[in-house]
Amino acid sequence: MAQANGEGLTPVQYIQHHLENLHVGDGFWSVNIDTIVFGWLTFGLVMLGAWRMNKSLTAEAPSGIQSFLEVVVEFVDNQVKSIFTGRNALVAPLALTIFMWVFLMNAMDLVPVDLLPWLASLVGINYLKVVPTTDLSTTFALALSVFILIIFYNIKVKGVGGYIKMFLFHPFGKYLIPVNIVMTAIEEVAKPVSLGLRLFGNMFAGELLFMLIALLTAAAYLIPAQIVLGLAWAIFHILVITLQAFIFMLLTVVYLGMASADMDEH
Amino acid sequence: MNPELAVQIYSSTAIAVGIILAAAGLGSALGWGMICSKYIEGIARQPEMRPQLMGQMLFTGGLMEAFPMIVLGMAMWFVFANPFIGAAGG
């Protein structure tokens, strides 16, 4: 970075500066501190809200927040009931946690692009990315956790033998076993990869567009355009955030449902 | 590094990114168009199913949007952290 002060930054340098994480270490072993801090902050918020709600649950005259949370819980519960055919106590709370946490992490994108990094630069932190899900590490951590759960439920419901038979004999018969293995393996691996990349791609594109809109203030006559465009994109981004959190949750439930289904004879 | 080589790499990358983004935009627009046209058809057949169909439409739209987003992410990678320049020793 040639100049770190506000003036004298070219647009490319501005964007590249905002796209860099606050990290410790280099290359593969770098740890993105800002991702971890904001991820844990949003998770703490989810846990705090849940704990406070738990203490003050009332059946008569519920408060506003309780009604809102009831709507969310019922919504997730209906999705799980309609998709997940087995009996499992883990799936619905897992789906609710994923939905709330991913939604809150994505919602950090609605904070103005320069606000938190500017506040951090007053304290001496020069690089800050506030949205944890724009970091590939976060989305792939979530996707890999779901993948481990998929394998676990596959083995638990079908047994190790049944799981290996699924690899060997799906989708074609027993004379095409190598083809079966390749195709089933690709299908299994595509699940976490697509989960992680979908969330990352959407959030990264949203963040990039916010930065590009913020760059419009370079010329004074463009400031009204920046306000209008920023407002429009922020409103649309609210839909994208909710939708991506909902899709992540729904696909988790669908994949776990597929993993918990007993194998049927073709 | 040879400046002619750098110019060649950057210009080829720029054209490639343009084609990649055009393809991603085209695929995404066609996909949304098909999904929404089927949604409107479904409403015309059964108007009382409108809320459920809208939920399904948004969900499948988000699923379809996954690959244009991944392609967009890769195009942005070429723009901001060009691996070919890195490999050529720039």
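This is a short dialogue on reading chain B and its contact with chain A in a predicted model.

Trainee: What should I know before I start?

Mentor: This model is predicted, so local features need pLDDT of at least 70 and side-chain atom pairs count only at pLDDT 80 or more, while totals for chains, interfaces and linings use all residues. Residues are numbered from 1 along each chain as its sequence is written, and chains are lettered from A in the order in which they are written.

Trainee: How many helices and strands does chain B have?

Mentor: Helices (H or I, at least four residues) and strands (E, at least two) are DSSP runs, numbered from the N terminus. Chain B has 4 helices and 0 strands, running α-α-α-α from the N terminus.

Trainee: Why is chain B called more spread out than a compact globule?

Mentor: Take the radius of gyration over C-alpha atoms and set it against the globule rule, 2.2 Å times the number of residues to the power 0.38. Chain B comes out at 20 Å, well over the 12 Å the rule gives for 90 residues, so it is more spread out than a compact globule. Its C-alpha trace spans about 65 × 15 × 10 Å along the principal axes.

Trainee: And the contact with chain A: which helix of chain B gives the most?

Mentor: Two residues are in contact if their C-beta atoms, placed from the backbone, lie within 7 Å. Here 11 residues come from chain B and 15 from chain A. On the chain B side, helix H2 (50–64) and helix H3 (66–80) each supply at least two residues, and H3(B) gives the most, with 7 residues.
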